[in-house]
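Reader: I should be grateful for a close look at the interior of this protein. Please treat the enclosed spaces and the packing around them as one connected subject, and add whatever bears on the backbone nearby.

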Amino acid sequence: MTDKTHLTRFMVLSFWALFMLAACAAVVRDQTRVAYRDPDFDARALRAGGLSILPVTAGQGLEGYRRSLAEWMELHRQDAVPGGSVYGWRQSMERINEADLSDVYEDIIRGYNTTAIINRKKVRQLAAGLRTRYAMLPLLRDFSETTRVHYSPFVGMETEKKANVSLQCLVIDLIAGDVVLEISGQVGSVANKYTVNRDYDTYARKLARAVLARLPGSAVSPKGR
């Protein structure tokens, strides 16, 4: 076999290997949607009222996503409400503590997780402390990972991995004491067993952008990994 034939075969195999790796790349995809929106809640109302982004709450085992997600939401917060006042979780928590409302805030979260009802009276108490009309409550709900083994006529037995991270985001009108926007955030990826799993930060960044992009008038793009 000539050197030219060897070179040709090597180039073909290399191209095929690169193609297979690209095809199997675990791209994190956005599946976020708006579950509910009050018709009167629009970009103008949000700019006029201002927004406080509250800390991300998370269940056991989701702490890694919670920290990274909170930082990405902090980074993109201003683009989420162009021309309006928007405060990240650090400043929001500082204001809640200064107003001695941390117990009220905790009761609101506990009550919603238990009953799926926002306590109107307690929510209104937060308005004076936060000094904005609207507050975003991000609830990190779930991380699921599944593995499926199936037969492929091209490669034989193949292992497929799926991963999804979910975030429920409520925008609350602190004066009316009611939810005006509910965003069901979800990002996920599909990969084979040879693909390196994405880290917390990749999912968190995509999820933060996906959710903030759904605010009315937002300048955040959900695209990007």
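Author: In the classes used here, Ala, Val, Leu, Ile, Met, Phe, Trp, Tyr, Cys and Pro are nonpolar, Asp, Glu, Lys and Arg are charged, and the others, Gly among them, are polar. The model is a predicted one. Its secondary structure consists of seven helices and eight strands, and 44% of its 225 residues are buried. Of the contacts with a separation of 6 or more, 72% join residues 24 or more positions apart. The protein exposes about 12,700 Å², of which carbon and sulfur atoms supply 52%.

A search of the whole structure gives two cavities of 30 Å³ or more. I begin with the second largest, whose volume is about 30 Å³. Its lining is formed by I53, L54, P55, V56, A70, M73, E74 and W89. Helix 3, residues 63–80, provides the largest share of that lining, namely three residues. By class, the lining comprises seven nonpolar residues, no polar residue and one charged residue. Because Glu counts as charged, E74 is the charged member of the lining.

The largest cavity has a volume of about 50 Å³. L54, listed above for the second largest cavity, also belongs to the lining of the largest. The other lining residues of the largest cavity are I108, V123, L126, A135, L137, I172 and L174. Helix 6 (120–130) and strand 6 (134–152) each contribute at least two residues to it. This lining has eight nonpolar residues, with no polar and no charged ones.

The packing of nonpolar side chains completes this picture. In soluble globular proteins, nonpolar side chains tend to be buried together. In this model the largest nonpolar core contains 36 residues, and those with the most contacts inside it are L51, L69, M73, M136, L140, V171 and L215. Two or more residues of this core come from each of helix 2 (43–49), strand 3 (51–53), helix 3, strand 6, strand 7 (156–173), strand 8 (178–192) and helix 7 (200–212). M73 connects the two subjects: it lines the second largest cavity and is among the residues with the most contacts inside the largest core. Apart from neighbours within four places in sequence, M73 is in contact with I53, V56, M136, P138, C169, A208 and L212. Of these partners, I53 and V56 also line the second largest cavity.

A second, separate core has 21 residues, including M93, I118, L130 and A135. A135 is also part of the lining of the largest cavity.

Two loops that adjoin helix 6 deserve attention for their backbone. A116 lies in the loop between helix 5 (102–115) and helix 6. Its phi is near 65°, a positive value in a residue other than glycine. A116 has 55% relative accessibility; exposed means over 50%, so A116 counts as exposed. R131 sits in the loop between helix 6 and strand 6, and the phi of R131 is likewise positive, near 65°. At a relative accessible area of 54%, R131 is exposed.

Finally, strand 8, one of the elements contributing to the largest core, also holds V190. V190 is partly exposed, because its relative accessible area of 42% falls between the limits of 20% and 50%. V190 and V27 are 163 residues apart in sequence, yet their C-alpha atoms are 7.3 Å apart in space.

Notes
Residues are numbered from 1 along each chain as its sequence is written. This is a predicted model: local features need pLDDT of at least 70, side-chain atom pairs count only at pLDDT 80 or more; totals for chains, interfaces and linings use all residues. Side-chain values use heavy atoms; hydrogens and water are left out. Helices (H or I, at least four residues) and strands (E, at least two) are DSSP runs, numbered from the N terminus. Buried means under 20% relative accessible area, exposed over 50%, partly exposed in between (1.4 Å probe, protein chains only). Contact means heavy atoms within 4.5 Å. Accessible areas come from the Shrake-Rupley method with a 1.4 Å probe; for residues, only the protein chains shown count as cover. On a 1 Å grid over the protein atoms alone, a cavity is a set of points where a 1.4 Å probe fits but cannot get out, and a pocket is an open set with protein on both sides within 12 Å along at least five of seven lines; lining residues have an atom within 4 Å of a point. Grid points are joined across faces, edges and corners, and a volume is the space filled by probe spheres set on the points. A nonpolar core is a set of buried Ala, Val, Leu, Ile, Met, Phe, Trp, Tyr and Cys residues joined through side-chain atoms within 4.5 Å.
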